[in-house]
Amino acid sequence: MTSTSGLIPGDDLGRGAPGREALGRGPNRGGEFSQEDDEAPAAGWGAAISVMKVLGRTREAVRGPHAMLKMNHENGGFDCPGCAWPDDRNNLHLDICENGIKHVTWEMTRKKVGREFFAAHTVNELSGWTDFALEDQGRLTEPMVYDAASDKYRPISWEDAFELVGATLRGLDSPHQAAFYTSGRLSNEATFLYQLWAREFGTNNVPDCSNMCHEASGRAMTAALGTGKGTCDIDDWEKADLLIVMAVNAASNAPRMLTALADAHRRGAQIVHVNPMVEAASRRTIVPHEFLAMAAFHATATGTMDVQPRIGGDLALLRGVAKAVLERAETDPAVIDELFIQRYTANFEAYRKAVENASWEELAHQSGVSEKTIRDLADRYLAADRTIIAWCLGVTQQEHGCDTVREILNLLMLRGNLGREGAGPTPIRGHSNVQGNRTCGIDHRPTEDWLARLDAACGIRSPREHGLDTVASIRGMLEGSVRVFVSMGGNFALAAPDTEATFAALRNTDLTVQVSTKLNRSHLVHGRAALILPCLGRTERDVQRGGEQGVTVEDSMSMVHISYGMRKPPSAALMSECAILAGMARATLPDSATPWEYYVEDYDRIRDTMANALVGFEDFNRRVRLPLGFRIRQPARERVFLTASGRAEFHPAPIPDVLPQPGKLMLSTMRSHDQWNTTIYSDDDRYRGVKNLRTLLFMNRADMAERGIDEFDLIDITSFARDGGTRSVYGYRAVAYNIPPGCVSGYMPELNVLCALGDYSTQSDQPLMKHQIVEVVKQ
């Protein structure tokens, strides 16, 4: 299978879209492009100026700043719909970041997309628009249904829309012919209703964005510790002596982490960034809410060491640190926590043997990091009494992502850095409630204990067979075994791998349902029947029969808190996610004993049921209204390990060979700075010095010279799938960058087209977005 372009392709991907029209391109498309090394501090005045531009462009000079004062704040505030970093425990009024403000003001736009817009444009025409242009039209205002005869969306009543969903689902031969996807920003209450609808209907086909992001983290931690979540909270970050931050540019992916990094540096902690690219977050920052620092242009360091492994080399790097620790233990046994290992762990001797058998030559070769640098990192680990290791998708979106996360846990266990203050593992979640989605039931592989509690609390009989994840759902749509696809938020068509296959899959369904706030590509790549159902944003007041409602979210460190919208919705026709889900569920299950309408009248009623169904949510309504909410109990944090052995499990995984064949390179995709998931704010990437360019590939200068490529030369990129197929993009620009030899990087979603549907991890089933073998040639 060969894809002709990673740009918005011609008839193979788009619907007659121009072959050179780029996916996701921003408003400054078409001007001069450039790239310069940018050593400016992360955040600071660069972020402030960027925010002012956004407020000016969206004409939100009053409402925008007002929202900033309410975001991530108690006493009537709302939770930022962006990242999942924990809120400030000191209740600071400006616990915000550049990306969060962009996200909120993007949602608060005064522009509207109603029936007049859809009457003026066919789907075929809109398919030729850039993704920026689609989202920039504004907020969706009323439910729409696709009309094949005119190739346009037309208005439909909520009642008729719900009946279309219900009738189509009731007409399926099996409940397993439907898939229910969520993007990660759905509230806990809506999540609970969503999975309840799917399971009462009769399927565990509840794929989510975590299948593409942190599935490896959850599976690895569950196997090792008996929990799929990290054990640290934000207080631990304030007490750690060493922070190892792996495979993430926090300045873009979790900008509020910069405050924690700056605070750590001030108190003398070591901060090691492990990333193939030296990113902005590893240098310096000016935290915007520190007004004196802003006024004086005073930056604080956010890192004390950079380590640049090759793509895929993290496991070998960590094994090398463990080897240095165990070598030191031969003369100083106290450097490992033998009491912790003996009392709380299993399989240590097998792990010790695996470490001893790994040669320094192999570890340095596979990691791409010298033995000296690995030993330097080990010395810092040995000098720290309390260590936290955090990681993101650069670790998980690889073939051996689970083994790498297990190695992180191995290293922490060696010195007892589990279950005590200032120490432990921290997976850095992306979307605001992706962890809460999994907690509240979006899991295609639920346990029997979880289902039994749900059934007892809700009076249903859930299916027991495992459902489909994201990749399997796409394959099912392609094959025709999945005929209905429901998506709560997100832009699935662009977020998923293998763009050509994903587009074809969605178009092969009987019905696609997109619950959204703004127009995006997924509305144009649809089934034979299609619905667009517009919902309230998190910034907007949700008023039901029982009064104004709040919704809850769980951050990446297991804190659950309540969020209240503050502004008037842009259209009276909008419904809340909970109300939309209840309407679709009732239409699907007309004889259901589940009190769908009763739940929507007052979300406290949903939370009362959740308190009975979910471990850790007892007394939910009272506890979530406490200052800062509550933290879900984490047994592993208390050194209670719910594994088969009752202990934390060491895992002696083999060191994989991650070097590409001669002439090939290893590709990792990423977001630009001026981007949030598939939403593109501009074609700039301030933290990498890029202006007005997204169709690029960051390359090592030696790799460029070997191929006769000069700066900004036009290049073609071809990926090589496991099944022998190739996928290519054409007309990209080569950009020299500080990245290890043999490694290249570029932006998603444009380069998702290169990741074949069959290229997923055999350990986690995650698409290999950061582990693609490619060939690069000059045009």
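The structure holds 10 cavities of 30 Å³ or more. A cavity is a set of points, on a 1 Å grid over the protein atoms alone, where a 1.4 Å probe fits but cannot get out; a pocket is an open set with protein on both sides within 12 Å along at least five of seven lines, and lining residues have an atom within 4 Å of a point. Grid points are joined across faces, edges and corners, and a volume is the space filled by probe spheres set on the points.

This is a predicted model, in which local features need pLDDT of at least 70 and side-chain atom pairs count only at pLDDT 80 or more, while totals for chains, interfaces and linings use all residues. Residues are numbered from 1 along each chain as its sequence is written, and side-chain values use heavy atoms, with hydrogens and water left out.

**Cavity and pocket**

The second largest cavity encloses about 230 Å³. It is lined by 19 residues, and Gly537, Arg538, Asp542, Val551 and Glu577 are the closest to its centre. The largest pocket has a volume of about 1,300 Å³. Among its 37 lining residues, Thr222, Gly226, Thr227, Gly228 and Trp450 lie nearest the centre. At least two residues of this lining come from each of helix H9 (215–225), helix H21 (434–439) and helix H22 (448–458); helices are DSSP runs (H or I, at least four residues) numbered from the N terminus.

The table gives the two linings by class, where Ala, Val, Leu, Ile, Met, Phe, Trp, Tyr, Cys and Pro count as nonpolar, Asp, Glu, Lys and Arg as charged, and the others, Gly among them, as polar.

| Lining | Nonpolar | Polar | Charged |
|---|---|---|---|
| Largest pocket | 11 residues | 15 residues | 11 residues |
| Second largest cavity | seven residues | seven residues | five residues |

**Helix packing**

The axes of H8 (residues 188–201) and H26 (residues 577–588) come within 9 Å and cross at roughly 10 degrees. Axes are lines fitted to C-alpha atoms over the stretch in contact, with angles from 0 to 180 degrees between N-to-C directions. H8 and H26 are therefore roughly parallel (under 35 degrees). Their contact (heavy atoms within 4.5 Å) includes Trp197 and Phe201 of H8 and Glu577 and Met584 of H26. It comprises nine nonpolar, one polar and two charged residues.

For H17 (residues 360–367) and H18 (residues 371–383), the axes come within 9 Å and cross at roughly 95 degrees. This makes H17 roughly perpendicular (65 to 115 degrees) to H18. Trp360, Ala364 and Ser367 of H17 make the contact with Glu371, Ile374 and Arg375 of H18.

Methods: Parallel < 35°, antiparallel > 145°, perpendicular 65-115°, else oblique.
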